[in-house]
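Subject: Structure handover and notes

Hi there,

Here is the structure I promised to pass on. Please have a look at it first, and then read my notes below.

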Amino acid sequence: MSADKKTKTGHKKTKAGERLTKIMTDYYVDLHKGANKGKFVVWGAIIIPAELLKGFDSVVFAVPESHAATRAAKALGPMQCEKAEQMSYSMDLCSYARIDIGTAFDGGKGSPTFGLPKPDLLISNNNNCSLLVKWFDVYHREWGTPHFILDVPFCYESQKKKDLNYIIDQYHDLIRILEEMTGEKLDMEKVQEALNYTNEALKHWKRFISFAANRPSGITAFDSFVQMAPILTMRGTPELAEHFKFLADETEERVEAGIFPIPNERYRLLWDNIAPWHQLRKMSSRLAKLGANIVSASYTYCFGSLEGNFDPYHYEGSDPLWALARMQNTTICPTGLGLRCKAMSEAIERIGIDGVVFASNRSCKVYSLMQMDQQKYISEKCGIPTVMIDVDHADVRKYSEENAFLRIEALLESIGARRAGA
Amino acid sequence: MNFTEYAQIAQDGYFTPVEGQIQILKSRLQEHDFTPFEADGCVRNVGVILSGILPPPSSISEAIENAGLRVVGNDIASLFRSYSYTPEATGDPGEYYVDFYQNHYPCTTILHSSDRRIDALQDLIGERKAQGFMFIGEKFCEYEYFEIPYLEKLLKDKGVNVLSLEFSIDDDQNIGTFKTRIEAFSELMEE
Amino acid sequence: MRALAPGELEHSRECGLTKVLTVGVDSGSNTTKVAVMRNGTIIGSGVTFTGYSAEKSWKRLLEDVLSDLGVDMSSVGRIVSTGYGRNVVGIADKAITEITCHAAGAHFLDSSIRSIIDVGGQDSKFIALDGNGRVENFAMNDKCAAGTGRFLEVMARALEVDLDKFGEISLQSENPARISSLCTVFAESEVVSLISKGESRENIIAGIHEAIASRITSMINRVGVRCPVLMAGGVAKNIGVVKALERELGADIKVLETAQVNGAIGAAVLAAAIEG
């Protein structure tokens, strides 16, 4: 495919977009191949220390949340949700969970990646979503798979030393369990190496998402949502670092060449919540027609940034377990309102945001619960218009496009009115 | 005392300082004659266990008791699961809470206790000779909903009938549909 | 439904059986239904809109049905009430839920029935029966995914089509429109947007039926379908919904003439069984 091929959104399909498809396909093929060869399969929540698993040659890593997002983006969400609902899982449960449970108990049918290979160990944590622990418990009960729960203290301020040590202690438990179950000794040098790859990848990810500050923006949040897949599944690999370098380089070239996704950009918006996976094309193209671009999203910082800050964390080569424990306090979920508001208001200032779309999402309680207070804070502190819309990140059956756009368009009108009055 | 009244007293305590709670309980103990409760027109005595985070709205508790069901136990997080174990007071609040959480009755929301929960619940049902298990849930992404399908299957296989009722805040005004479910559940257990 | 044969009532009176009729009253949210039974046979029934006063409507309906049979209240023995308004039927000997009544009605009319789908005005229900016609399990719709008669009414209004024609019109559709929202308020806005895009009525109506069928099937599968399946309630008259449900479920669905009064029939059957 040529770089000039146009997507349905109207902007040119990037080489990084094509490359992404390839590396993700390779990842899923390797995952299944590895499992077939008898490798030890870990299912993990997105924020668990994936680099630690790289210290074991015999371990492969699968991420149900990312897998569910992939299926939602391919319009397969409702079908898999219904399977779970028919097994009596409430339709009010997180749509990622319903998609995953529906797919897993149907042997991966209807999934473009043939589902995930069955796990030997489940690792969850209560710091991106405590409900996720119950979701993994479903498999623990049904299949008898052992379930390791990382307990990460919620923070209202910078991570405390005792909390950090508490997390490190749990890593030692996890290492012991993995060593016992795999029969392999952890190679800490490989963990160190993995951390270096992640660090390198995050450096380029930061370069990539920073092009949002360009006017017009060099990226849309929709591009960055899609490019998140490998950061959730392939952390600690050279392929991830290479890919993000490629992505940032290409974006830089395009910006220098004056190629922008929304050249007639009049409204620069920030998105707060998980990506609306089933609406990526529809929403971005409808916004484009209105001269609006969601240039950035809090969600794209959900890995690698620390509490109270959107910027990815830079690892400087200290003890790997220490660094991995430090990174458990990310900016999005396990932090108090004050830290979330601080991170968002700094980003609004830095990127130059005209308005914020808070996507209230009943499927993601942890993300959505504070949004009303956050909206109030941001409107007052940053003095920009904001709007709250209803979205379910992966279940299109709970979303009304007209309802959402009525409010988004009102937001754009209010931005316009302020400019006219200024 | 019926469950509706009992749950109301317990809930009154949620927003009352402890001194006030002691006073409420003392006066209730004095005025109550504690004769076994008979529901209106209740000739049957079908025992059920209520489960959930909070007790159901009182209109629902009443509907349950008026449908000829007797609440023989509760597995409600804010009631039985909370007071099932009370640590010894040692004068050290830290020690008290370590004991409180370590020995807490297994609860859906206490994530690490999940393995013990199913057994504890089955013991409760067996001990109280309950024929039915009624789950009262809040219509949202909630912990229990991940457990209910497994629990429902397990209990049904053991001959325990299960009914799930889902509420949204302010659902009281739409009580008709809940009454139908509760009464049908009672009729289903009628011999 | 047949009227009493001449002299039949007199004969009963002579035998000291003055109260020979048992009655089932199904006071629903939208319609009220009455069934009258004598000696194990349903001899009369009727349907009317519930309207503002549930009490007035069941009384008037019962009087009309009895008067058509050439009798009055003095011939009525046991009465069982059911439906949303089951507790407003003051003279009833017993109030029983429509879940139990539908099961009794279906079992009485066709003892082979193992599953009942009842789509009423306000809610939808699925009832699984054991081999003896007793309720073994049931499910009711989630409030956020109501596939009900009321939903169809709202849609009929938006489309300016007579609801009675919905079934027939939908059968002409070759390409049913896709309506994905579970919430009926969202679904209505989807329909409005389909209308404004110029989608044909038959495709929209067929799409509505498929959406309802999909919600109801989801509810059914939580309990598990067993054949034969009977559909009861007013919506059973809509052939479009029945066909869509058959496709979704992968099972044949029986619809009897008496679909709408099935609950009232069950209530009359249960009234006859009351002892003493």
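Between chain A and chain C, 13 residues of chain A are in contact with 15 residues of chain C, where contact means heavy atoms within 4.5 Å. About 1200 Å² is buried between chain A and chain C, and carbon and sulfur atoms give 52% of that area. Buried area here is the accessible area (1.4 Å probe) that two parts lose on being put together, summed over both. On the chain A side, the residues that lose the most area to chain C are Gln86(A), Met91(A) and Arg397(A), together 47% of what that side buries.

Before going further, a word on conventions: this is a predicted model, in which local features need pLDDT of at least 70 and side-chain atom pairs count only at pLDDT 80 or more, while totals for chains, interfaces and linings use all residues. Residues are numbered from 1 along each chain as its sequence is written, chains are lettered from A and ligands numbered from 1 in the order in which they are written, and side-chain values use heavy atoms, with hydrogens and water left out.

Back to chains A and C. The rule finds zero salt bridges across this interface; a salt bridge is a side-chain nitrogen of Lys or Arg within 4 Å of a carboxyl oxygen of Asp or Glu. There are three residue pairs in polar contact between chain A and chain C, both residues at pLDDT 80 or more. A polar contact is a pair of N or O atoms within 3.5 Å; within protein, one must be able to donate a hydrogen and the other to accept it, and residues adjacent in sequence count only if both atoms are side-chain atoms. Helix 4 (77-86) and helix 17 (401-421) of chain A are the elements that give two or more residues to the side touching chain C. Helix 4 of chain A has the largest share of that side, with three residues. Helices (H or I, at least four residues) and strands (E, at least two) are DSSP runs, numbered from the N terminus. By class, this side of chain A has three nonpolar, four polar and six charged residues. In this scheme Ala, Val, Leu, Ile, Met, Phe, Trp, Tyr, Cys and Pro count as nonpolar, Asp, Glu, Lys and Arg as charged, and the others, Gly among them, as polar.

Now for chains A and B. Here 23 residues of chain A are in contact with 18 residues of chain B, and the buried area is about 2000 Å², with 60% from carbon and sulfur atoms. Asp92(A), Lys134(A) and Arg141(A) supply 33% of the area that chain A buries against chain B, more than any other three residues. How many salt bridges does the rule find across the interface of chain A and chain B? It finds four. Lys134(A) also appears in a salt bridge with Glu147(B), where the closest N and O atoms are 3.3 Å apart. Eleven residue pairs are in polar contact across this interface (both at pLDDT 80 or more). Helix 6 of chain A gives the most to the side of chain A that touches chain B, with nine residues. That side divides into eleven nonpolar, five polar and seven charged residues.

Over all chains, the salt bridge count comes to 60. One within chain A pairs Asp26(A) with Lys22(A), at 2.7 Å from N to O. These two are four residues apart in helix 1 (residues 15-36) of chain A, so about one helical turn separates them.

There are cavities too. A search of the whole structure finds four of 30 Å³ or more. On a 1 Å grid over the protein atoms alone, a cavity is a set of points where a 1.4 Å probe fits but cannot get out, and lining residues have an atom within 4 Å of a point. Grid points are joined across faces, edges and corners, and a volume is the space filled by probe spheres set on the points. The largest cavity is about 60 Å³, and its lining includes Asp272(A), Arg340(A) and Tyr367(A). Helix 14 (residues 337-351) of chain A gives the most to that lining, with three residues.

Finally, the backbone. A cis peptide bond joins Arg215(A) and Pro216(A), with omega about -5°. Ala75(A) has a positive phi of about 65° although it is not a glycine.

Best wishes

Technical notes:
1 Å grid on protein atoms, 1.4 Å probe; cavity = no way out; pocket = protein on both sides within 12 Å on 5 of 7 lines; lining within 4 Å.
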